[in-house]
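User: I am new to this structure and would like a close look at a single part of it, namely the charged side chains and how they pair up or stay unpaired. Please set that part within the whole as you go.

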Amino acid sequence: MQGKVEICGINTAKLKVLSSAETQQLLLKCQQGDKKAREELIQGNLRLVLSVVQRFVGRGESADDLFQVGCVGLIKSIDHFDTTLNVRFSTYAVPMIIGEIRRYLRDNSAVRVSRSLRDSAYKALTAREKFTSEHQREPTVEEIAHMLGMKREEVVFALDAIADPISLYDPIYQEGGDAICVMDQMRDPKNTDDSWIEQIAMKQAMGDLTDREKRILALRFYDGKTQIEVAKEIGISQAQVSRLEKGVIEKIKRQL
């Protein structure tokens, strides 16, 4: 069927839509314990859940999972709705569905962050969506911060906290041969192949030194002591320290 979209095995093109009068009648029956009316009410408001879920698409979560969580929010709103109040059911249900989905996203994130930080992030996302809808462009971080009364750094930190982590092996480009992954575009200037080889060679060279030679190097280059101070601590002359130090350095250089 053209235009058919399935979520959780449900053909959304065939979802029933209830009128306000039908919704009100079913809600009254639900309060009287009519399980069939409750089921009809759930089925008749799945489009409402779908419309809310679409706001959260593209955040790294399965649409099926979000739809199921949204249905939980719908059921809660049905069970707790007060028919004596002059409020439309959809007005009450939408915030309940949104809250349930946000709670799910917060509690099931791959990276655990504080609730307050995640709440700030979703406020920023909501503000960005509203601004984009009204101005037909993405807002800057400064504009989002101004809308929320927050500092720019707080907005950046909050949005970074909920960003979906990516794998080092995720491909970012592929044409013909092997794909280029995220790992291929990353570089650590300190831990290069050459530095690893030097570290291994240095460890081997140090392993060939005597205990006294190792102690002299430690005192001189780790503790920063003078040759005179080293001589007093070891119990030899400063000239001997100088000669031993020079010999040790030459030995290490030859092995490197």
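Analyst: The protein exposes about 17,200 Å² in this predicted model, and carbon and sulfur atoms supply 51% of that area. Of the 256 residues in the protein, 30% are buried. The chain is arranged into 12 helices and 4 strands, and among its contacts with a separation of 6 or more, 51% are accounted for by residues that stand 24 or more positions apart.

Turning to the charged side chains, a search of the whole structure finds 9 salt bridges, and three of the pairs are described here one after another. In one of them, the side chains of R38 and D79 meet with a distance of 3.1 Å from N to O. This pair links distant parts of the chain, since R38 belongs to helix α2 and D79 to helix α4, which covers residues 63–80, and the two partners are 41 residues apart. R38 has a relative accessible area of 31% and is therefore partly exposed, while D79, at 45%, is likewise placed in the partly exposed class.

A second salt bridge is formed by the side chains of E142 and R152, where the distance from N to O is 2.6 Å. Because E142 lies in helix α7 (residues 141–148) and R152 in helix α8, the pair ties together parts that are 10 residues apart in sequence. E142 is partly exposed with a relative accessible area of 44%, and R152 is partly exposed with a value of 39%.

A third salt bridge joins R215 to E233, with the closest N and O atoms 3.4 Å apart. Here R215 sits in helix α10 (residues 211–222) and E233 in helix α11 (residues 227–234), so the pair ties together parts that are 18 residues apart in sequence. The relative accessible area of R215 is 40%, which makes R215 partly exposed, and E233 is partly exposed as well, at 36%. This pair also belongs to a wider arrangement, for salt bridges that share partners join R215, K225 and E233 into one network.

Some acidic side chains gather in another way. E22, D34, E39 and E40 form a patch of negative charge on the surface, and patches of this kind are made of residues that have no salt bridge. One of the four, E40, lies in helix α2, which spans residues 35–44, and its relative accessibility of 34% makes E40 partly exposed.

E245 gives a further view of an acidic residue, this time one that is buried, with a relative accessible area of 10%. E245 is placed in helix α12, which runs through residues 238–255. When residues up to four places away in sequence are not counted, E245 touches I216, R220, F221 and Q227.

For contrast with the charged groups, the surface also carries a nonpolar patch formed by L168, Y169, M183 and M186, which together have about 430 Å² of accessible area. Within this patch, Y169 is found in the loop between α8 (152–161) and β3 (171–173), and Y169 is exposed, with a relative accessible area of 58%.

Note on methods
Residues numbered from 1 in each chain as written. Predicted model: local features only at pLDDT ≥ 70, side-chain atom pairs only at ≥ 80, totals over all residues. Heavy atoms only, no water. Helix = DSSP H or I, 4+ residues; strand = E, 2+ residues; numbered from the N terminus. Buried < 20%, exposed > 50% of the residue type's maximum accessible area, 1.4 Å probe, protein only. Contact = heavy atoms within 4.5 Å. Patch = residues over 30% accessible without salt bridge, like charges linked within 9 Å, V, L, I, M, F, W, Y side chains within 5 Å. Areas by Shrake-Rupley, 256 points an atom, 1.4 Å probe, with all protein chains shown as cover. Salt bridge = Lys/Arg side-chain N within 4 Å of Asp/Glu carboxyl O. Lys, Arg positive; Asp, Glu negative; His and termini not counted. Charge placed at Lys NZ, Arg CZ, Asp CG, Glu CD.
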